[in-house]
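Please open the model in your viewer and set it to a cartoon view. We will go from stop to stop, selecting a few things at each one.

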Amino acid sequence: MGQLYLVRHGQANSHATTEEDYDRLSELGHKQATLLGQWVDTHEAPFDLVISGTMQRHVETANGMGFTPNHKDSRLNEMNYFALVHEMQRIHGLTPPSTSDDFAVHMPQTFTAWEQGSIAGSEPFSAFETRIRSALSDLAHPGKRVLCVTSGGVIAMAMRASLGLGITQTAQILLPIYNSSLHRFHVRAQGHVLASFNTIPHLDHPDQSGHRTHY
């Protein structure tokens, strides 16, 4: 049996209005990555392989954890949510989200429209799903421990693949994913089997409550 660990990047530039401006860790994001790296170093066995997406926030998180990725894979990059938001406003008249309550309504609506093809963003939903499933399949190494630094949307799609989630459930499971959270899968012959979801052991202490962020 192999093990696949997915890490969501630390907090990025949450005030951004474009994907390009979003793609860098905040000061808190760097701190989250450092704390996670310290926890992993203390509590986990060494990894055989460390992979990240090619986005700046992925690489910064991996480096902050104390890792230099063995490989960077663009298939693990996040969807361009800003492009989807703009199309939802232009085509469906849906106001861009600005609060957590807004996101809770907007995300399932956006994912549904994206899957149905009424919006496409920077890539069709089917292409997004296919590249992630392909990457996850390639990361399934029997007997190996693999760490992958990626984004929340990719992790949600991994959950969809593992648990057979519908599109609404996929969007809903994305919403609570913490920055710098850890997600574990066992790699078995029948596929990826979920072992744990959205853990933040490095931020469990009450003194770290201010370091827990979703965006």
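This tour goes through the sheet, the helices on it, the nonpolar cores, a pocket and one buried glutamine. Keep in mind that the model is predicted.

**Stop 1: the sheet**

Start by selecting the strands. You should find an open sheet of six strands in the order 3-2-4-1-5-6, with mixed pairing. Color strand 3 (71-72) and strand 6 (191-199) to mark the edges; each has a single partner strand, so one side of each is left without a neighbour in the sheet.

Now add helix 3 (residues 56-64), which packs on the sheet and touches strand 1, strand 2 (49-52), strand 3 and strand 4. The direction of helix 3 makes about 130° with that of strand 4.

**Stop 2: strands 1, 4 and 5**

Select residues 2-8, which form strand 1, together with residues 145-150, which form strand 4. These two strands run parallel and are joined by six bridges. To follow the pairing, show Leu4 opposite Val146, Val7 opposite Val149 and Arg8 opposite Thr150.

Next, bring in strand 5. Its pairing with strand 1 is antiparallel, again over six bridges, and the partner of Val7 there is Leu182. Strand 2 pairs with strand 4 in the parallel sense over four bridges; to see one of the pairs, pick Leu49 and Val146.

How many residues of strand 1 are buried? Six of its seven are, so to speak, under cover, and the strand counts as mostly covered. In strand 4, six of six residues are buried. Turn the view to check both faces of strand 4: Arg145, Leu147 and Val149 are buried on one side, and Val146, Cys148 and Thr150 on the other.

**Stop 3: a helix across the strands**

Select residues 152-163 to show helix 7. Helix 7 lies across strand 1, strand 4, strand 5 (182-188) and strand 6, and runs at about 135° to strand 6.

**Stop 4: the nonpolar cores**

Which residues have the most contacts inside the largest nonpolar core? Show Leu4, Met79, Phe111 and Trp114 as sticks: they are the ones, in a core of 36 residues. Several elements give two or more residues to this core, among them helix 4 (81-92), helix 5 (100-116), helix 6 (125-138) and helix 8 (167-174). Helix 7 supplies the largest share, six residues.

Zoom in on Leu4. Beyond its neighbours within four places in sequence, Leu4 is in contact with Leu136, Leu139, Val146, Cys148, His183, Arg184, Phe185, Val187 and His192. Then move to a second, separate core of 13 residues, including Val7, Leu36, Ala62 and Leu182.

**Stop 5: the largest pocket**

Switch on a surface and look for the largest pocket, which holds about 770 Å³ of space. Of the 28 residues that line this pocket, select Tyr22, Tyr81, Phe103, Met107 and Tyr215, which lie nearest its centre. Helix 1 (19-22), helix 4, helix 5 and helix 7 each give two or more residues to the lining.

**Stop 6: Gln32**

Finish in helix 2 (residues 27-43), where you will find Gln32. Is Gln32 buried or exposed? Its relative accessibility is 0%, so Gln32 counts as buried. Display what surrounds Gln32: leaving out residues up to four places away in sequence, Gln32 touches Gly10, Gln11, Asn179, Ser180, His202, His211 and Thr213.

Conventions
Residues are numbered from 1 along each chain as its sequence is written. This is a predicted model: local features need pLDDT of at least 70, side-chain atom pairs count only at pLDDT 80 or more; totals for chains, interfaces and linings use all residues. Side-chain values use heavy atoms; hydrogens and water are left out. Two strands pair if DSSP finds at least two bridges between them. Contact means heavy atoms within 4.5 Å. Axes are lines fitted to C-alpha atoms, for helices over the stretch in contact, and angles run from 0 to 180 degrees between N-to-C directions. A nonpolar core is a set of buried Ala, Val, Leu, Ile, Met, Phe, Trp, Tyr and Cys residues joined through side-chain atoms within 4.5 Å. Buried means under 20% relative accessible area, exposed over 50%, partly exposed in between (1.4 Å probe, protein chains only). On a 1 Å grid over the protein atoms alone, a cavity is a set of points where a 1.4 Å probe fits but cannot get out, and a pocket is an open set with protein on both sides within 12 Å along at least five of seven lines; lining residues have an atom within 4 Å of a point. Grid points are joined across faces, edges and corners, and a volume is the space filled by probe spheres set on the points.
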